[in-house]
Amino acid sequence: FKHVFITNTICNLNLTGTAGKFGAGYTFPLYLFDKKIKSNSGLQLSVYEDSLVYGGKEIKQESTIIEAPQFAYQNLAYRPNLSQKIVRAIEKSLGIPFIIQEYKTSNNEFGEVDLLDYIYAVLHSPTYREKYKEFLKIDFPRVPYPCKDVACNVFTFWQLVKLGGELRQIHLLESPIVEKYITQYPIDGNNEVNKPRDVETLHAASVRVYINETQYFDNVPEVAWNFYIGGYQPAQKWLKDRKDRILEMDDVLHYQKIIVALTETDRIMKEIDKIHIE
């Protein structure tokens, strides 16, 4: 089990590894979309057999009018891709109600994005991966419910939600932190990539990554250069895939964001590992 990542675009099944060597990837969308149904009362979300309870109230067909969020196409409505049975069990475990994220106002309720962030944090726990590695070799990962002790319950849940949310935003390059560059690109030149693996070690913690004879990215943390996501080392693969191409300035900045994201991923995974996960 290595293949966990997040995307906000359509992705290939080989996103985190080649199908032949690492196995094809699976995609679990956070939302399911459905065409809106026109009626006398306006546009309605069609009823699903396993529809969720929003804010503790049963949603009836005639009152199920939910404005499409900004990321949805205008002619589509949506529902969280979550099992009602599981969500109700989590409500009972946490002692707080589920409400669709669009209407969530406080930490006295949780939404589908909170659950996504909780799951994302758990699956990035090094201790979790080590503890269940034999099971993870043969099946999908099983995400534990928050611990049974009520006091520990909510506190632990929100700790993991916070860290998982940071990871999610960093991996989508939406977090402001990815623009706080920790590397430099100091030498002018033609920006052609022809030696993406020519690396010079500066000291124990960082390397200088040459893209050609004279140009390089300086002070690349070694942990970022060697970091794996799925079957790939993104810092190395990104340059390798651009061999014999000219990097535009946007490409240079994008690569520097990747380095920050990988470095922060390592840091946050260590923070997650300090939290007890059953």
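Visitor: Before we look at helix H2, what does "buried" mean here?
Guide: This is a predicted model, and the term rests on relative accessible area with a 1.4 Å probe, counting protein chains only. Over 50% is exposed, in between is partly exposed, and buried means under 20%.

Visitor: Which residues of H2 are buried, then?
Guide: H2 runs over 84–94. Going by that cut-off of under 20%, the buried residues of the helix are Gln84, Val87, Ile90, Glu91, Ser93 and Leu94.

Visitor: At the start of H2, which backbone nitrogen does a side-chain oxygen of serine 83 reach?
Guide: Look at the start of the helix, where that serine 83 oxygen comes to within 3.3 Å of its partner. The backbone nitrogen there belongs to lysine 85.

Visitor: And which residue follows H2?
Guide: Check the backbone just after the helix: phi is positive there, near 80 degrees. The residue is glycine 95.

Visitor: Which helix gives the most to the largest nonpolar core?
Guide: In soluble globular proteins, nonpolar side chains tend to be buried together. Here the largest nonpolar core has 31 residues, and Phe110, Leu115, Phe157, Leu160 and Ile272 have the most contacts inside it. Helices H2, H3 (112–122), H6 (150–171) and H9 (249–272) each supply at least two of its residues. The top contributor, with seven residues, is H6.

Visitor: How many residues are in the other core that lies apart from it?
Guide: Val193, Val209, Trp225 and Met269 are among its members. The count for this other core is 21 residues.

Visitor: What does isoleucine 272 touch?
Guide: Isoleucine 272 is one of the residues with the most contacts inside the largest core. Leaving out residues up to four places away in sequence, its contacts are Ala121, His124, Ser125, Leu160, Leu163, Leu167 and Ile277.

Visitor: Is phenylalanine 28 buried or exposed?
Guide: Phenylalanine 28 sits in the loop between helix H1 (19–22) and strand S1 (31–35). Together with Tyr26 and Phe140, it forms a nonpolar surface patch with about 410 Å² of accessible area. Its relative accessibility is 62%, so phenylalanine 28 counts as exposed.

Visitor: How about arginine 208: buried or exposed?
Guide: Arginine 208 is in strand S6 (residues 206–210), and its side chain makes a 3.0 Å polar contact with that of aspartate 218. Since its relative accessibility is 19%, arginine 208 counts as buried.

Visitor: Why are glutamate 166 and lysine 162 separated by about one helical turn?
Guide: These two form a salt bridge, with the closest N and O atoms 2.6 Å apart. Glutamate 166 counts as partly exposed because its relative accessibility is 23%, while lysine 162, at 53%, counts as exposed. As for the spacing, it comes to about one helical turn because both are in helix H6, and they are four residues apart.

Visitor: Which residues join Lys162 and Glu166 in one network?
Guide: A search of the whole structure turns up eleven salt bridges. Some share partners, and that links Lys162 and Glu166 into one network with Glu264 and Arg267.

Visitor: How far apart in the chain are glutamate 179 and lysine 257?
Guide: Their closest N and O atoms are 3.9 Å apart, and the two form a salt bridge. Glutamate 179 is in the loop between H6 and strand S5 (198–203), whereas lysine 257 is in helix H9. The pair links distant parts of the chain, with a separation of 78 residues.

Note on methods:
Residues numbered from 1 in each chain as written. Predicted model: local features only at pLDDT ≥ 70, side-chain atom pairs only at ≥ 80, totals over all residues. Heavy atoms only, no water. Polar contact = N/O pair within 3.5 Å; in protein donor to acceptor, adjacent residues only side chain to side chain. Patch = residues over 30% accessible without salt bridge, like charges linked within 9 Å, V, L, I, M, F, W, Y side chains within 5 Å. Areas by Shrake-Rupley, 256 points an atom, 1.4 Å probe, with all protein chains shown as cover. Salt bridge = Lys/Arg side-chain N within 4 Å of Asp/Glu carboxyl O. Core = buried A, V, L, I, M, F, W, Y, C linked by side-chain atoms within 4.5 Å. Contact = heavy atoms within 4.5 Å.
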